[in-house]
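Reader: I should be grateful for a close look at one helix of this model and at the helices packed against it. Please set that part within the rest of the chain.

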Amino acid sequence: MKPLLSGRSAAAIVFLALGTRASYAIAIDGPQLLNAGWITFLMAAIGVAPLAFSMDFLENAMQKPAAEFMKGAWVRVYSVVLALFALYETGCGIFLLSGSASYLAYETISAPVMFIVCGLTAAAGCMIGSEAVAGAARIALRLFAIAVVFVVFSQMSSYNWRWLTPVFGPGLKVILPPALSVSGMLTGMIPLWLFTDYNNRYVKRGYMKKILLAITGYGVMVSLLFAMLLPAMPKGPMTRWFQLERLLANGRTPQALQVIMIPAWFSLLLVSLSFNMLCATEMLGIAFPSTKPIWRIGICLAAILAISFSPLGTRPYIELINLIRWPVCSIPLLIYALIIAAKKRKAVSPA
């Protein structure tokens with residue numbers, strides 16, 4: 001398989017897509033975390049760190065892109081598994097994006113219409129190509145940076161670091177399952193790694209570790225800014241839409257500032273949606289190389305719409321499936337890295 005993306009393009013996509021999705025999971029789908037979202041994200045990143053180290057090790061050991069050495073029957077089966085999880089994330093992304101649009105439009109937008117529009121948007125991104133999605137990610141990154149600067153400077157006087165305590169919020173027993181679930185989401189780095197050309201100059205610098213570090217910084221920053229604006233509300237509504245209102249408005253943000261935040265928010269969600277759809281179609285391409293891209297896109301579109309119309313996009317299913325995703329996606333690659341390490345050691349050891 002020929003690599004489809006340069007390292008720089010892949011970095012822009014995966015940084016925004018995974019950072020946004022994981023931040024959504026903590027800020028919107030994790031009201032039980034109270035104001036401990038930042039430490040939850042940090043724990044999630046630690047959980048997936050061995051995976052980033054393994055990917056960098058394999059690239060260094062093989063001295064070529066993963067697309068050129070990850071071959072064999074097990075890789076095809078592994079690619080199907082990765083595709084299924086990417087499809088699930090795309091379906092969840094449609095559910096979340098349409099929900100955000102419905103909330104902002106005061107529920108005047110039909111959910112099924114939004115599901116179909118979002119699904120077609122993701123499919124169009126795949127048809128245009130991976131570099132086009134990367135270009136959209138770079139534009140969204142600039143918009144996001146502008147929004148962050150405006151938010152921080154306009155609300156500087158409202159931040160209160162005391163609201164970050166206690167550090168572990170409701171306790172480790174409560175925050176550990178969401179942390180592991182976010183680790184599962186961050187395994188979304190694997191599909192992109194499989195079809196990206198990280199040249200040796202970047203590989204030697206530990207490229208995947210740097211991407212994970214950037215995602216972690218993004219997620220921790222968003223969680224900290226969110227937590228320092230309002231105190232923990234253990235008795236407040238535990239719904240997505242209440243959490244979304246806190247994120248976009250917080251009862252403090254002037255309407256002019258929301259005009260900046262809302263386009264940035266939707267741009268990030270659209271990049272995340274296109275990223276997961278792209279990963280699903282390309283993983284199916286590895287598993288079934290003789291299939292035409294248009295057929296894979298059509299199958300993926302039907303699958304993600306089915307998921308978005310089902311209860312699978314609701315919070316309990318998301319946490320459970322991503323808890324499963326973390327070991328299922330990580331363990332095969334970790335074992336493969338250990339096997340390659342053993343072979344390399346045996347090859348260099350004296351007879």
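Author: Helix 2 and helix 7 are oblique to each other, and this pair is a suitable place to begin. The model is a predicted one. Helix 2 covers residues 37-62 and helix 7 covers residues 172-186; their axes come within 8 Å and cross at roughly 50°. An angle from 35 to 65 degrees belongs to neither the roughly parallel nor the roughly perpendicular class, and the crossing is therefore called oblique. In hand, the passage of helix 2 across helix 7 is right-handed.

On the side of helix 2, this contact is formed by Ile39, Thr40, Met43, Ala44, Ala45, Gly47 and Val48. Helix 7 contributes Leu172, Ile175, Leu176, Pro178, Ala179, Val182, Ser183 and Leu186. Sorted by class, the residues where helix 2 meets helix 7 comprise 12 nonpolar, three polar and no charged. Helix 7 also has the highest mean pLDDT among the elements of the chain, at 91, whereas the lowest, 46, belongs to helix 9 (residues 200-203).

The loop that leads into helix 2 deserves attention as well. Leu33 sits in this loop, between helix 1 and helix 2. With a relative accessible area of 1%, Leu33 is buried, because the limit for that class is under 20%. Apart from neighbours within four places in sequence, Leu33 is in contact with Ile26, Thr40, Gly169, Pro170, Val174, Ile175 and Pro178. Three of these names recur from the helix pair: Thr40 on helix 2, and Ile175 and Pro178 on helix 7. Leu33 and Pro178 are 145 residues apart in sequence, yet their C-alpha atoms are 8.5 Å apart in space.

Helix 2 has a further partner in helix 14, which spans residues 315-348; here the axes come within 9 Å and cross at roughly 40°. That angle makes helix 2 oblique to helix 14 too. The crossing of helix 2 with helix 14 is left-handed, whereas the crossing of helix 2 with helix 7 is right-handed. From helix 2, the residues in contact with helix 14 are Gly47, Val48, Pro50, Leu51, Ser54, Met55, Phe57, Leu58, Ala61 and Met62. From helix 14 they are Trp326, Ser330, Leu333, Leu334, Tyr336, Ala337, Ile340, Ala341 and Lys344. By class, the contact of helix 2 with helix 14 holds 15 nonpolar, three polar and one charged. Gly47 and Val48 appear in the contact with helix 14 and also in the contact with helix 7.

A pair elsewhere in the chain offers a point of reference. Helix 6 (residues 130-154) and helix 10 (residues 207-227) pack at an angle of about 30°, with their axes 12 Å apart. These two helices are therefore roughly parallel to each other, and their crossing is left-handed. Phe144, Val148 and Val152 of helix 6 meet Tyr218, Met221, Val222 and Leu225 of helix 10. Seven nonpolar, no polar and no charged residues make up the contact of helix 6 with helix 10.

Two residues of helix 12 (residues 255-287) may be added, the one being Thr281 and the other Ala287. Thr281 is buried at 3% relative accessibility, and Ala287 is likewise buried at 3%. Beyond residues up to four places away in sequence, Thr281 touches Cys126, Arg296, Ile297 and Cys300. On the same basis, Ala287 touches Arg76, Ser79 and Val80. Ala287 and Val77 are 210 residues apart in sequence and 6.7 Å apart in space, from C-alpha to C-alpha.

Arg8, in helix 1 (residues 7-27), provides a contrast in accessibility: at 56% it counts as exposed. The C-alpha atoms of Arg8 and Thr196 are 9.6 Å apart, although 188 residues separate the two in sequence.

It remains to place these details in the whole chain. The chain contains 14 helices and two strands, and 54% of its 351 residues count as buried. Among contacts between residues at least 6 apart in sequence, 86% join residues at least 24 apart. The pLDDT of the chain averages 80, and 83% of the residues score at least 70.

Technical notes. Residues are numbered from 1 along each chain as its sequence is written. This is a predicted model: local features need pLDDT of at least 70, side-chain atom pairs count only at pLDDT 80 or more; totals for chains, interfaces and linings use all residues. Side-chain values use heavy atoms; hydrogens and water are left out. Axes are lines fitted to C-alpha atoms, for helices over the stretch in contact, and angles run from 0 to 180 degrees between N-to-C directions. Helices (H or I, at least four residues) and strands (E, at least two) are DSSP runs, numbered from the N terminus. Angles under 35 degrees count as roughly parallel, over 145 as roughly antiparallel, 65 to 115 as roughly perpendicular and the rest as oblique. A crossing is left-handed if the near helix is turned anticlockwise from the far one by less than a right angle, and right-handed if clockwise. Contact means heavy atoms within 4.5 Å. Ala, Val, Leu, Ile, Met, Phe, Trp, Tyr, Cys and Pro count as nonpolar, Asp, Glu, Lys and Arg as charged, and the others, Gly among them, as polar. Buried means under 20% relative accessible area, exposed over 50%, partly exposed in between (1.4 Å probe, protein chains only). pLDDT is the predictor's confidence in each residue, from 0 to 100.
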